[in-house]
Amino acid sequence: MSKESLLDNLNPQQREALIHTEGPLLILAGAGSGKTRVISHKFAHLVKTKKLSPKDILTVTFTNKAADEMKERISYLTGREMSGSWIGTFHSQCCKILRKEIHALGYRSDFSIYDNDDHCNLIRHILKEFNIHEALYRGVAARISSLKSSMVSPEEFLSTGDGFGFDEKLAKVYIRYQNELKRCNAVDFDDLIGLTVRVFENSDETLKKYQAIFPYLLVDEFQDTNYAQYRLQLLL
């Protein structure tokens, strides 16, 4: 499809979003109004007008299904294979980065990723070890996930408490949980994003390398990003 034909069947606002290529742009519109369509067309427009490789555009979505559909759309629009592209979920993209960079944080590149069952089982084990009622594990797991999404480390959480009550116990569980993950060379889903942010914040050289790799960043469903995901985008 030619770069001119990419503008066909787009309304004036969509066309305006498509041709804007310098500086940030936020598309704010209702459900079903074509935001994802614009991202797909914009990706193709950048490839054709800026002579970019599909590997130069970091494109993040929230589900694997949405990512697969976007790859298909963009492949059709560009006539290019998308197998080596950076189109995927936040978690899958961060995993690819961490496989190359996580050694800077003291992990090996062959780290395991704990799923929800692994995550909950480890927390139950720690609660039992600390003589805390095991039935609380779901609430504790949700709270730890919330803290990670807010980029609050175990040590930061412990330092903000008053040293009494449940938050102190939670902080100790959080610390033990994170230490056990690292001992096992494992991460959970929240770590995939949080540790990527830490890698970038700890090394200007690494951050600049990825900023150079990705001159453009496209984010679908931006309004659903949590703080850790937003911080990642802001760094890049």
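**Notebook: rings, charges and a helix pair**

I began with the charged groups and found R124 over the face of Y137, at 4.8 Å from the ring centre. I note here that the model is predicted. I then looked up K96, whose charged end sits over the ring of W86, 3.9 Å from the centre of that ring.

*Entry: the chain as a whole*

I recorded 11 helices and 5 strands for the protein chain. I took the box filled by the C-alpha atoms along the principal axes, and it came to roughly 65 × 35 × 30 Å. I looked up burial next: 43% of the 236 residues count as buried. For contacts with a separation of 6 or more, I noted that 70% are accounted for by residues 24 or more positions apart.

*Entry: aromatic pairs*

I turned to the rings. A pair of aromatic rings is described by the distance of the centres and the angle of the planes. I obtained a count of 5 aromatic pairs. One of them joins F62 and F90, with ring centres 5.5 Å apart and planes at 65°; the pair is therefore edge-to-face, since an angle over 60 degrees counts as such. I placed F62 in the loop between β1 (57–61) and α3 (64–78), and F90 in helix α4 (residues 90–101). The two residues are 28 residues apart, and I noted that the pair links distant parts of the chain.

I asked myself whether F90 is buried or exposed. F90 has a relative accessible area of 3%, so I entered this residue as buried. For F62 the value is 32%, so I entered F62 as partly exposed.

I then examined Y210 and F214, which form a tilted aromatic pair: the centres lie 6.3 Å from one another, and the planes make an angle of 35°. Y210 counts as buried because its relative accessibility is 2%. F214 is also buried, with a relative accessible area of 4%. I followed the ring pairs further and found that they link W86, F200, Y210 and F214 into a cluster. I noted that W86, a member of this cluster, is the ring over which the charged end of K96 sits.

*Entry: helices α9 and α11*

I looked up a helix pair next. Two packed helices are described by the angle between their axes and the distance between the axes. For helix α9 (residues 189–202) and helix α11 (residues 227–235) I recorded an angle of about 35° and axes 9 Å apart. I entered the crossing of α9 and α11 as left-handed. From α9, I193, T196, V197, F200 and E201 make the contact; from α11, A228, Q229, R231, L232 and L235 do so. I sorted the residues of this contact into 6 nonpolar, 2 polar and 2 charged. F200 thus appears in my notes both in this contact and in the ring cluster.

*Entry: two single residues*

I placed H45 in helix α2 (residues 35–49). H45 counts as buried because its relative accessibility is 10%. Which residues does H45 touch, not counting those up to four places away in sequence? I listed L6, L18, I19, T21 and K50.

I found G79 in the loop between α3 and β2 (87–89). G79 counts as exposed because its relative accessibility is 63%. Finally, I took the separation of the C-alpha atoms of G79 and V197, and it came to 34 Å for residues 118 residues apart along the chain. V197 is one of the α9 residues in the contact with α11.

Notes:
Residues numbered from 1 in each chain as written. Predicted model: local features only at pLDDT ≥ 70, side-chain atom pairs only at ≥ 80, totals over all residues. Heavy atoms only, no water. Phe/Tyr/Trp six-rings, centres within 6.5 Å; stacked < 30°, edge-to-face > 60°. Helix = DSSP H or I, 4+ residues; strand = E, 2+ residues; numbered from the N terminus. Buried < 20%, exposed > 50% of the residue type's maximum accessible area, 1.4 Å probe, protein only. Lys NZ or Arg CZ within 6 Å of the ring centre and 35° of its normal. Axes fitted to C-alpha atoms, helices over the stretch in contact; angles between N-to-C directions. Left-handed = near helix turned anticlockwise from the far one by under 90°. Contact = heavy atoms within 4.5 Å. Nonpolar A, V, L, I, M, F, W, Y, C, P; charged D, E, K, R; others polar.
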